[in-house]
Every structure is written in structure tokens, then in C-alpha cells.
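Student: I keep meeting labels on protein models, and I'd like to know how each one is earned. Could we go through some together?

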Amino acid sequence: MPLTTLFLDMDAFFASAEQHLRPQLRGKPVGVVPVYTADGRPAPSSCCIAVSYAARPAGVRTGTVIHEARRLCPAIRFVHARPAEYVKLHHAIIEAVETVLPVDRVYSIDEMACRLMGDERDPVRAASLALAIKRTLRERFSAALTCSIGVAPNRLLAKVAGDQLKPDGLSIIEPSMLPGCLYPMALDDWPGISRGMLARFAAHGVRTTEGMYTLSEDEMARVFG
């Protein structure tokens, strides 16, 4: 089971895109808001669709409503979302990544995967390619626009690896590390496991990743329905 996938996830993409495009916002707590009033203010009923990492220690998260974000982080700067700019930047990022590795599949505006072939599957070589991608993004854009990269034997595990060291991280899950390296993960750290799914796992007596790993294929099918 070789390393096959390099998964790239842009960190807090809409917020970091704004910090890249507006240098005065770099290093500051920023919330990206989709709805503004006619007089150019964030709509009070709106919420943050992206939050910079500088705002997160105060408790501001994606989905935090405007008044609560202001209460938690008085210094937060709100910016009106600019989807067209993010799409342009997304395409430019793909072009930059492809100077190092071909992009095999784009999963969203801030996620993509590259297939590793031949000697690219060697952990040292894979790490070198990941670092080359990070360096290319810094050189073409700015230090404000970072990504986290995971490398693993399949796409799901590569995504999980990339989530382990955010922001600006690089993590490799080698086959010899499995499954033990996954056991510390909470069940809802896995993509697709929501609060409702947690309840379904609990109904089957499973509350940990290690417990999930002991389930048979048929048992997993019953949990997921």
C-alpha cells in the first residue's frame, strides 16, 4: 500500500485571500461576511463565512454571527466577501501547483489532490514535492496565502493528514503507521461524521476511532444506513 495522494487544503481560504489581496489586513483578526447593508456595513443578521487564524483564539469561528464576533473579538475587521476574486485566485493557485505536480482532481475552491507516481511515492520525495508547492505559493503570491498538505495511501487519509497540522502544515501518513496513528482522532474529526452520525455510532457502542476500526464492513454499513 504505497503513498498515492498529496492533498492540498488552503488555510481559511476566503480570509487568507483577503489578507493576500489587502496587505493591511495581514496578521489581523478578519471575518469574511457575505451580506452587507446598503450603507456598506455588515448585516447584523449575517455571519462569518471565513475567519482568519488571528481571530480564532478569541473564539470566532465560521458561522459566528456578526454581533457575537464583535463581542468575542472587538478588534476584528469585517470584509465583504468577493467570490469572483476567490475564483480567480483559485485558478491561479492550480496553475502554480501544476508547476510542481499535476492536479489530479479539484474537490472545492480550496481543496485539490495530486496523484503520486513512481519515485514520488517515496516519503522523502513526497515531502520535498509538498515543500516545493508551499514555496511556489509563497513566491507567486504572498506569505498570507498558506496551505496545509497531507500525503497518504489514499485521498481520505491524505485529507485527514492535512488536517492534523493546520495552518501551513505538512503531515505524512505512511502505511507502517496505520491504523495506530489514527486512534487518537475523535470520531467527529473524520470528514463526514456529523453530530447525528456520532449518535448513530454511539447506538452501536462505538465512541472512538479505535472502536470504529473494529467494525466489519457490514457493521459499518448498518451504522451509515
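Tutor: Sure, let's begin with some rings: Phe13, Phe14 and Tyr86 are linked into a cluster by ring pairs. This is a predicted model, where local features need pLDDT of at least 70 and side-chain atom pairs count only at pLDDT 80 or more, while totals for chains, interfaces and linings use all residues. Residues are numbered from 1 along each chain as its sequence is written, and side-chain values use heavy atoms, leaving out hydrogens and water.

Student: What makes two rings a pair?

Tutor: Rings of Phe, Tyr and Trp (its six-membered ring) pair if their centres lie within 6.5 Å; planes under 30 degrees apart are stacked, over 60 edge-to-face, and the rest tilted. That rule gives six aromatic pairs.

Student: Why is the pair of Phe13 and Tyr86 called edge-to-face?

Tutor: Their centres are 6.5 Å apart and their planes meet at 65°. The cut-off is over 60, so edge-to-face it is. Phe13 belongs to helix H1 (residues 13–21) and Tyr86 to helix H3 (residues 83–97), so this pair ties together parts that are 73 residues apart in sequence. Helices here are DSSP runs of H or I with at least four residues, strands are runs of E with at least two, and numbering starts from the N terminus.

Student: And what kind of pair do Phe14 and Tyr86 form?

Tutor: A stacked one: 4.6 Å centre to centre, with 15° between the planes, and stacked asks for under 30 degrees. Phe14 in H1 and Tyr86 in H3 are 72 residues apart.

Student: Are those ring residues buried or exposed?

Tutor: Buried means under 20% relative accessible area, exposed over 50%, and partly exposed in between (1.4 Å probe, protein chains only). Phe13 has 3% and Tyr86 has 1%, so both count as buried. Phe14, at 23%, is partly exposed.

Student: How do you know how covered H1 is?

Tutor: Seven of its nine residues are buried, so we call H1 mostly covered. Among them are Ala15, Ala17 and His20. Their cover includes strand S1 (5–10), S2, S3, S4 and H3, where contact means heavy atoms within 4.5 Å.

Student: Why do S3 and S4 count as edge strands?

Tutor: The open sheet has three strands in the order S3-S2-S4, with mixed pairing. Strand S3 (50–51) and strand S4 (77–80) each have a single partner strand, so one side of each lacks a neighbour in the sheet. Strands pair if DSSP finds at least two bridges between them. Strand S2 (residues 30–33) and S4 have four, and they run parallel. One of the partnerships is Val33 with His80 in S4.

Student: What makes Arg56 a charge over the ring of Tyr53?

Tutor: The rule wants NZ of Lys or CZ of Arg within 6 Å of the ring centre and within 35 degrees of the ring normal. The charged end of Arg56 sits over that ring, 4.1 Å from its centre. Arg155 sits over the ring of Tyr107 in the same way, at 4.7 Å.

Student: Last one: how do you know whether Cys114 is in a disulfide?

Tutor: A disulfide needs two cysteine sulfur atoms within 2.5 Å. The closest cysteine sulfur to that of Cys114 is in Cys147, 10 Å away, so they are too far apart for a bond. A search of the whole structure finds zero disulfides.
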